[in-house]
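Visitor: I am new to this structure. Could you walk me through it in short steps?

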Number of protein chains: 2
Amino acid sequence: MAKIKSGNNSTKKETVIEQAAFLFKTKGYPAASMRELAIALGVEAPSLYNYIGSKSELLQTICFNVASEFSVNLGRVENSLEATIAKVESIIRFHIQTMLSRFNEVYVANHEWKHLEEPYFSEFLHFRRDYEKRLVILIEAGIEKKEIKNLHPYVTVLTILSAVRGLEFWHGHKKNVTAQELENDMVNHLLHGIVK
Amino acid sequence: MAKIKSGNNSTKKETVIEQAAFLFKTKGYPAASMRELAIALGVEAPSLYNYIGSKSELLQTICFNVASEFSVNLGRVENSLEATIAKVESIIRFHIQTMLSRFNEVYVANHEWKHLEEPYFSEFLHFRRDYEKRLVILIEAGIEKKEIKNLHPYVTVLTILSAVRGLEFWHGHKKNVTAQELENDMVNHLLHGIVK
DNA sequence: TTACAAAACTAACGCATATTAGTTTTTAAG
DNA sequence: CTTAAAAACTAATATGCGTTAGTTTTGTAA
């Protein structure tokens, strides 16, 4: 009856994925049903299978799309000629901006990936570990060059990644802070601390 | 047939709750089944109902137990006579220690509370907002007394809470960092930054 | 040993799930 | 207008869920 509407710049499949990201974020992957997704798209559940292979395929697509974006950005930064501390700042800003602009998908990639099926689960886990490792190497280089304090590099990476991830709590809270202020204050905090 | 074994210092109900926390953390609340919980306790699923009222009651118990602990601690700190920055440090250390010592329950309270049913969902949400608000007030007092940098207080609170929460990723990673080093380095990072 | 309660069991209910099969409607091109 | 493919539908299947009812076993105290 009703057809799935898609914006001009996106295929119908992409529309389904976007809506799925919203739903997976809101209810969690296991609790989100295909019927509910179908209703949100104005369609019966079986019709979705004209566009997608399965529910789990939706999760896979979302998670690996996000992973790819972060990986590509990190590659760019690694190959740049900036000082280490500038690289770190650049990565933090990318995380914040991506978190804010592609909220649903990033949230799902952060929280629901544990529901991936094998072999995707292992692959994603490996990606995460690899990404962390690359950041640790970056921090170690900064310590070596005496740009960065000699804290345990993995703890530093963990603190940064976690802080940035926490923006999901800001989303929706309409505090009187602009995205730019938020980004600057968080970068400032993570690089220079809060003690005067 | 088999009976639920409980350590000497805990009732059987507490044993069920502990195992439920582990399961809810591992699979997520919606995907965790009572049958699976029962198997982990060496029992058939209906037997669980001799100890508990329902699956959702388990989630409620876990979430509000954790909430209560954090609230009590914050109350203690608020009423102490330390400098603001020492209060903030104390709170950070409490979060880290509690996260590490009661990992499963804290994880569930952090991630699965959105599956609480009304009115518990709203109550928990209110608690969270209240807790954040009390921290914001603390930070504002520190800014007032010029102990703390004048960043947006909510962003500061968000950064701290999120960073600390991220310890869930450390758990299981057996890096060569002791809990004490981890705690000290993270406190150092959050208070003084990483830039030399 | 008897009696009672605690705690386990088996069987089953009602419901929701993802997905498939088969069919009909809609859309667009020749 | 015809035709063929795309996209929707209805109906149904198998599976798993939380939970209840009713019964049997186990443990404990009189």
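Visitor: How many residues does each chain give to the contact between chain B and chain A?

Guide: This is a predicted model, so the values here are computed from its atoms. Contact means heavy atoms within 4.5 Å. By that cut-off, chain B gives 51 residues and chain A gives 51 residues.

Visitor: What area is buried between chain B and chain A, and what share comes from carbon and sulfur atoms?

Guide: The two chains bury area against each other. That area is about 4,600 Å². The share from carbon and sulfur atoms is 64%.

Visitor: Which helix gives the most residues to the side of chain B that touches chain A?

Guide: Start with the polar contacts across this interface: the rule finds twelve residue pairs. On the side of chain B, the elements that give two or more residues are α1 (12-27), α5 (103-111), α6 (120-144), α7 (153-165), α8 (167-170) and α9 (179-192). With nine residues, the helix that gives the most is α7(B).

Visitor: By class, what does the side of chain B that touches chain A contain?

Guide: Twelve residue pairs are in polar contact across the interface of chain B and chain A. The side of chain B divides into three classes. The counts are 21 nonpolar, 15 polar and 15 charged residues.

Visitor: How many salt bridges are counted between chain B and chain A, and what is the N and O distance for Glu168(B) and Arg165(A)?

Guide: The count between the chains is two salt bridges. Glu168(B) forms a salt bridge with Arg165(A). A salt bridge needs the nitrogen within 4 Å of the carboxyl oxygen. Here the closest N and O atoms are apart by 3.9 Å.

Visitor: What kind of axis relates chain B to chain A?

Guide: Chain B can be laid on chain A by a turn of 180°. The shift along the axis is 0.0 Å, and the RMSD is 0.1 Å. Therefore the relation is that of a two-fold axis.

Visitor: Which residue of chain B has the C-alpha nearest the axis?

Guide: The axis goes with the turn of 180° that lays chain B on chain A. In chain B, the nearest C-alpha is 1.9 Å from the axis. It belongs to Gly193(B).

Visitor: What percentage of the contact residues of chain B recur in chain A?

Guide: A turn of 180° lays chain B on chain A. The same surface serves both copies. The share of contact residues of chain B that recur in chain A is 100%.

Visitor: Now to the domains. How far apart are the centres of domain 1 and domain 2 of chain A?

Guide: The domain assignment gives domain 1 (12-50) and domain 2 (56-192) in chain A. The contact takes 13 residues from domain 1 of chain A and 13 residues from domain 2 of chain A. Taken over C-alpha atoms, the centres of the two domains are separated by 27 Å.

Visitor: Which three residues supply 51% of the area that domain 1 of chain A buries against domain 2 of chain A?

Guide: The two domains of chain A bury about 1,100 Å² between them. Carbon and sulfur atoms hold 76% of it. Supplying more of the domain 1 area than any other three residues are Ile17(A), Lys25(A) and Tyr29(A).

Visitor: Which residue's side chain meets Glu57(A) in a salt bridge?

Guide: The count between domain 1 and domain 2 of chain A is one salt bridge. For Glu57(A), the N to O distance is 3.8 Å. The partner is Lys13(A).

Visitor: Which helix gives the largest share of the side of domain 1 of chain A that touches domain 2 of chain A?

Guide: Three residue pairs are in polar contact across this domain interface. The elements giving two or more residues to the domain 1 side are α1 (12-27) and α2 (34-40) of chain A. With eight residues, the largest share comes from α1(A).

Visitor: Where does Pro119(A) lie?

Guide: The peptide bond from Glu118(A) to Pro119(A) is cis. Its omega is near 5°. Pro119(A) lies in the loop between α5 (103-111) and α6 (120-144) of chain A.

Visitor: Which residues does Phe127(B) touch, not counting residues up to four places away in sequence?

Guide: Phe127(B) lies in helix α6 of chain B. Ser71(B) is 56 residues apart from Phe127(B) along the chain, with 8.8 Å between their C-alpha atoms. Phe127(B) touches Ala67(B) and Ser71(B).

Terms used. Residues numbered from 1 in each chain as written. Chains lettered and ligands numbered in written order. Predicted model: local features only at pLDDT ≥ 70, side-chain atom pairs only at ≥ 80, totals over all residues. Heavy atoms only, no water. Domains from an automatic or database assignment. Buried area = accessible area lost by both parts, 1.4 Å probe. Polar contact = N/O pair within 3.5 Å; in protein donor to acceptor, adjacent residues only side chain to side chain. Helix = DSSP H or I, 4+ residues; strand = E, 2+ residues; numbered from the N terminus. Nonpolar A, V, L, I, M, F, W, Y, C, P; charged D, E, K, R; others polar. Least-squares fit on C-alpha atoms with pLDDT ≥ 70 in both.
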